[in-house]
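Student: Please take a close look at a single part of this structure, its pocket, and then set that part in the context of the fold.

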Amino acid sequence: MSHYIFELSDKVQRKPVSYKNRYGITIAGELYVSKDFDESKKHPAIIVGAPYGGVKEQGPGVYANALAQRGFVVLTFDPSFMGESGGEPRNVSSPDIFTENFSAGVDYLGLQRFVDREKIGVIGICGSGGFALSAAAMDTRIKAVATASMYDMTVASRLGMDEEAIAQKKETLSRQRWTDAENGYPEYIPFFPDHPLDEVPADLEEPGAEWFRFYAVKRGFHPNARGGFTTTSDLAFMNFRLLDYIDEISPRPILFIIGDRAHSKFFSEDAYAAAKEPKEIYVVEDAEHIDLYDRVDRIPFDKLESFFKENLK
């Protein structure tokens, strides 16, 4: 049985779905619609991607639960190699495949008789924000894109390191590939415990403590979201730039949602500067990075509703 960090509204129905991405990996998703949903009509649809290392039963479900009540068909999914989705080895991360997962969702939605193919948007939370923007830059079927607490994981893979540190990281990870080859399976070291903690360890520094405030306690814990990816996954991100073509999303609109106290604000601010109009940054007061994962008193659903209704028409 799936473990959800939120309670499904009695006004919403949810069903499991599956489909393949272009690599042939089976993606496990869930479709949310309102209880009074009319399948004989065509509706606008939104795909919601999980925070980096997260799964569909966490933040994506929180968003889907709210947006389905506002008239959207909403698709959530587990990234390839994660959760209930296929892909071996487990816990591999790939900037290309994680971007592809969004386009695979567009493929799926476009085959549903109750979805308007010309009214499909995406939302990326945290690391999925970078993947959603990357997908939208290439996939013109995505008509509008919003991000919440966006991270660009290709920038994050080198963040705070000088030339010497980058060279050392490459050397260490390159040699780890030999170790993985000898072992027959890549190293994966979970970041979070295998059960929810009662409280966050007092000796943790930020932002590590912030991740624990969500993933490691009852608030956001999920057994399929233990944190981190296979150790050598970082090499792919160090050799990739997700947002080099963000300006090509225009004239389709981008909405960046950030918390005023989020440690990650600069990712959205830098991406906003690189994007062309139409674009907007929406600041949520009294919100840290993880508050836009699950806090329904902070996530600006009215803003998301108006953004997508205006731009998926």
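Tutor: A pocket, as the word is used here, is an open set of grid points with protein on both sides within 12 Å along at least five of seven lines. The model is a predicted one. In the largest pocket lies about 840 Å³ of space. Its lining comprises 28 residues, and those closest to its centre are Tyr52, Met153, Trp211, Gly228 and Asp234. Four helices, α4, α6 (208-215), α7 (233-238) and α8, each contribute at least two residues to this lining.

Helix α8 leads from the pocket to the rest of the fold. Spanning residues 265-274, it has Phe267, Ser268 and Ala271 as its buried residues. Viewed down the axis of α8, these fall within an arc of 90°, so they line one face of the helix. In general, an α-helix has 3.6 residues a turn, so residues three or four places apart point the same way. On the face of α8 turned away from its buried side are the exposed residues Asp270 and Ala273. The cover over the buried residues of α8 includes α4 (153-156) as well as the strands β6, β7 and β8.

These three strands belong to an open sheet of 8 strands with mixed pairing, in the order β1-β2-β4-β3-β5-β6-β7-β8. At its edges stand β1 (12-20) and β8 (279-284); each has a single partner strand, so one side of each lacks a neighbour in the sheet. On average, neighbouring strands are turned by 20° against each other, direction ignored.

Further into the sheet, β5 has 8 of its 11 residues buried, so it is largely enclosed by the rest of the structure. β5 runs parallel to β3, to which 6 bridges join it, and Ala45 stands opposite Ile120 in β5. It is also parallel to β6, through 5 bridges, and here Val122 has Val145 of β6 as its bridge partner. Strand β3 (residues 43-49) in turn pairs with β4 (residues 73-77) in the parallel sense over 4 bridges, with Leu75 of β4 as the bridge partner of Ile47.

Two helices may be placed against these strands. Helix α2 (residues 95-110) lies across β1, β2 (26-34), β3, β4 and β5 (115-125), and runs at about 150° to β5. Helix α3 (residues 127-138) packs on the sheet, where it touches β3, β5, β6 (144-148) and β7 (254-259), and its direction makes about 145° with that of β5.

Methods
Residues are numbered from 1 along each chain as its sequence is written. This is a predicted model: local features need pLDDT of at least 70, side-chain atom pairs count only at pLDDT 80 or more; totals for chains, interfaces and linings use all residues. Side-chain values use heavy atoms; hydrogens and water are left out. Two strands pair if DSSP finds at least two bridges between them. Axes are lines fitted to C-alpha atoms, for helices over the stretch in contact, and angles run from 0 to 180 degrees between N-to-C directions. Contact means heavy atoms within 4.5 Å. Buried means under 20% relative accessible area, exposed over 50%, partly exposed in between (1.4 Å probe, protein chains only). The arc is that of the directions from the helix axis to the C-beta atoms. On a 1 Å grid over the protein atoms alone, a cavity is a set of points where a 1.4 Å probe fits but cannot get out, and a pocket is an open set with protein on both sides within 12 Å along at least five of seven lines; lining residues have an atom within 4 Å of a point. Grid points are joined across faces, edges and corners, and a volume is the space filled by probe spheres set on the points.
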